[in-house]
Amino acid sequence: MTDEPSTRFLSAEDLSTERIDHRFKGLPPDAEGMTVGALAAERRSLFTGGFTTPVLALSAESVEHNLALLETYSTRHGLAFAPHGKTSMSPRLFARQLAHGAWGITAAVPHQARVYRAFGIRRIFLANELVDAVALRWLAAELDRDPGFRLVCYVDSVRGVELMDEALRAAGAGRPVEVVVELGAGEGARTGARTEAECAAVADAVAAVPTLRLVGVAGYEGEVPEADEVSVRAWLRRLTALAVEFDAAGRFAETDETDEIIVSAGGSAWFDTVADVFAEIPALSRPVLKLLRSGAYVTHDDGQYRALTPFNRVPEEGALQPAFRLWAQVVSRPSPGQAFVNAGKRDAAYDLHLPEAQVVRDARTGAIRPAAGITVTRLSDQHGWLATGPGAELEVGDWVGMGLSHPCTSFDKWQLIPLVTADGTVTDLVRTFF
């Protein structure tokens with residue numbers, strides 16, 4: 001992940017030496033004091049190896065499939081790829097993403113960037129305007145300390161430029177911070193300058209200070225109000241036209257790090273449209289780095305992104321596979337139409353959709369069968385409410401395997417997640433840092 005001396009940065013492999021203890025839910029009590037690497041080396045069964053419920057598992061095969069698919073997709077469409085790390089906050093998965101050709105990792109806030117740097121990430125795309133003076137002081141020191149480190153940050157206001165310049169000057173920054181002007185996705189959307197004239201004013205403000213260098217334009221098409229194919233495509237064409245206009249006006253600075261122009265967009269719902277519109281960018285005065293930032297792909301899901309994935313529109317390009325499965329145990333079966341499992345809001349994403357009951361592991365035989373007639377209807381803090389239809393096979397002690405919706409709010413509830421093969425063998429554990 002880095003060419004820096006090993007004493008400077010941690011590596012994903014260093015996580016294997018962490019000791020297992022009470023901090024990590026779902027792990028075997030008899031693994032207390034073992035290292036993560038030692039537990040993984042035992043290749044225990046998720047079901048009979050001492051893991052306790054609830055426990056979140058990641059499919060090893062699906063994660064690998066998804067990593068390879070986005071690498072192939074990006075290459076085919078001439079895109080660079082900086083997946084959003086906020087999804088998993090997992091250095092081990094970052095290492096896998098970089099090994100599969102990622103240009104760098106995207107961050108949203110300074111804490112995330114600090115985690116990335118602790119593990120030696122050399123390129124970070126910060127998809128927010130950074131105006132925190134303390135964070136800017138840290139960034140200035142990090143850039144000065146490591147000539148090979150590159151961070152690109154949003155700017156979307158003249159005031160933001162003023163605050164960044166003030167903080168960087170006070171910090172004695174030796175290297176300018178590279179910035180891209182963020183074009184907002186429309187009135188009522190999230191961040192970003194709303195008009196091209198406002199974008200130009202921000203660019204002028206950047207040009208007037210020595211602490212910043214304008215290297216491109218960016219935005220997030222997922223915030224287009226009432227987004228559909230037509231409106232998303234129209235906004236993306238505004239973004240690329242802005243890049244063309246800025247280049248013609250000589251607004252983009254040449255830096256010591258690069259002679260390219262960055263044009264960046266792309267969440268997990270419209271990256272096919274991003275690829276189409278970015279392919280239309282004409283030749284500019286310098287090469288264009290067409291930077292995609294989709295993050296949820298690494299695990300996909302059984303809800304939000306199953307419905308929204310661009311691969312539904314372009315099935316010939318492949319298909320992502322859901323990698324999450326939350327296993328919980330039936331702890332109460334008070335009536336023929338109702339059951340309760342021991343996983344709730346503290347364990348499962350619920351901001352977009354409730355978990356989806358998919359399979360049942362029979363407590364008597366160990367056999368796994370479809371969760372026919374079983375529906376998750378509600379979550380309490382520590383309980384899942386199940387409705388059971390006529391003929392549904394379910395009794396106290398059975399394990400219920402549930403699919404989840406929204407990767408970003410699934411990962412953040414678990415600090416150490418078993419990576420499990422199709423036969424239930426735990427081959428690794430994924431550490432997160434939220």
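How many residues lie between β12 and β13 in their hairpin? The answer is in Figure 1, and the other close-ups follow from there.

This is a predicted model, where local features need pLDDT of at least 70, side-chain atom pairs count only at pLDDT 80 or more, and totals for chains, interfaces and linings use all residues. Residues are numbered from 1 along each chain as its sequence is written, and side-chain values use heavy atoms, with hydrogens and water left out.

**Figure 1. Strand β12 and its partners β13 and β16.** Six residues sit between β12 and β13 in the hairpin, and Gly-366 in the turn has a positive phi of about 80°. Helices (H or I, at least four residues) and strands (E, at least two) are DSSP runs, numbered from the N terminus. Two strands pair if DSSP finds at least two bridges between them. Between β12 and β13 (residues 368–370) there are three bridges, and the strands run antiparallel; here Val-359 has Pro-370 in β13 as its bridge partner. With β16 (residues 399–403), β12 pairs over five bridges, again in the antiparallel sense, and Arg-361 is matched to Trp-399 in β16. Strand β12 (residues 356–361) is mostly covered, with five of its six residues buried. Buried means under 20% relative accessible area, exposed over 50%, and partly exposed in between (1.4 Å probe, protein chains only).

**Figure 2. An open sheet of eight strands.** Read across the sheet, the order is β2-β9-β8-β7-β6-β5-β4-β3, with parallel pairing. At the edges are β2 (80–81) and β3 (105–107), each pairing on one side only. Look at β6 (residues 177–182) and β7 (residues 212–218): six bridges join these parallel strands, and Val-179 stands opposite Leu-214 in β7. Helix α4 (residues 110–118) lies across β3 and β4 (123–129), at about 150° to β3. For that angle, axes are lines fitted to C-alpha atoms, for helices over the stretch in contact (heavy atoms within 4.5 Å), and angles run from 0 to 180 degrees between N-to-C directions.

**Figure 3. Salt bridges, starting with Glu-18 and Arg-431.** Side chains of opposite charge can pair when their charged atoms come close. The rule here asks for a side-chain nitrogen of Lys or Arg within 4 Å of a carboxyl oxygen of Asp or Glu, and by it the count comes to 31 salt bridges. Glu-18 and Arg-431 meet at 2.9 Å, N to O. This pair links distant parts of the chain, with Glu-18 in the segment before α1 (36–42) and Arg-431 in strand β18 (residues 426–431), 413 residues apart. Both Glu-18 and Arg-431 are buried. In another salt bridge, the closest N and O atoms of Arg-44 and Glu-42 are 2.7 Å apart. Arg-44 counts as buried because its relative accessibility is 13%, while Glu-42, at 42%, counts as partly exposed.

**Figure 4. A salt bridge within helix α6, and a network.** Arg-169 and Asp-165 form a salt bridge, with their closest N and O atoms 2.9 Å apart. They are four residues apart in helix α6 (residues 158–170), so about one helical turn separates them. Salt bridges that share partners also join Arg-117, Arg-122, Glu-142, Arg-145 and Asp-146 into one network.

**Figure 5. Aromatic rings that meet edge-to-face.** Rings of Phe, Tyr and Trp (its six-membered ring) pair if their centres lie within 6.5 Å; planes under 30 degrees apart count as stacked, over 60 as edge-to-face and the rest as tilted. The structure holds 13 such aromatic pairs. Phe-271 and Phe-311 make an edge-to-face pair, 5.4 Å centre to centre with 65° between the planes. Phe-271 lies in helix α9 (residues 271–278) and Phe-311 in the loop between α10 (304–308) and β10 (324–335), so the pair ties together parts that are 40 residues apart in sequence. Phe-271 is buried, with a relative accessible area of 1%, and so is Phe-311, with 4%. Phe-324 and Phe-411 have ring centres 5.0 Å apart and planes at 70°, so this pair is edge-to-face too.
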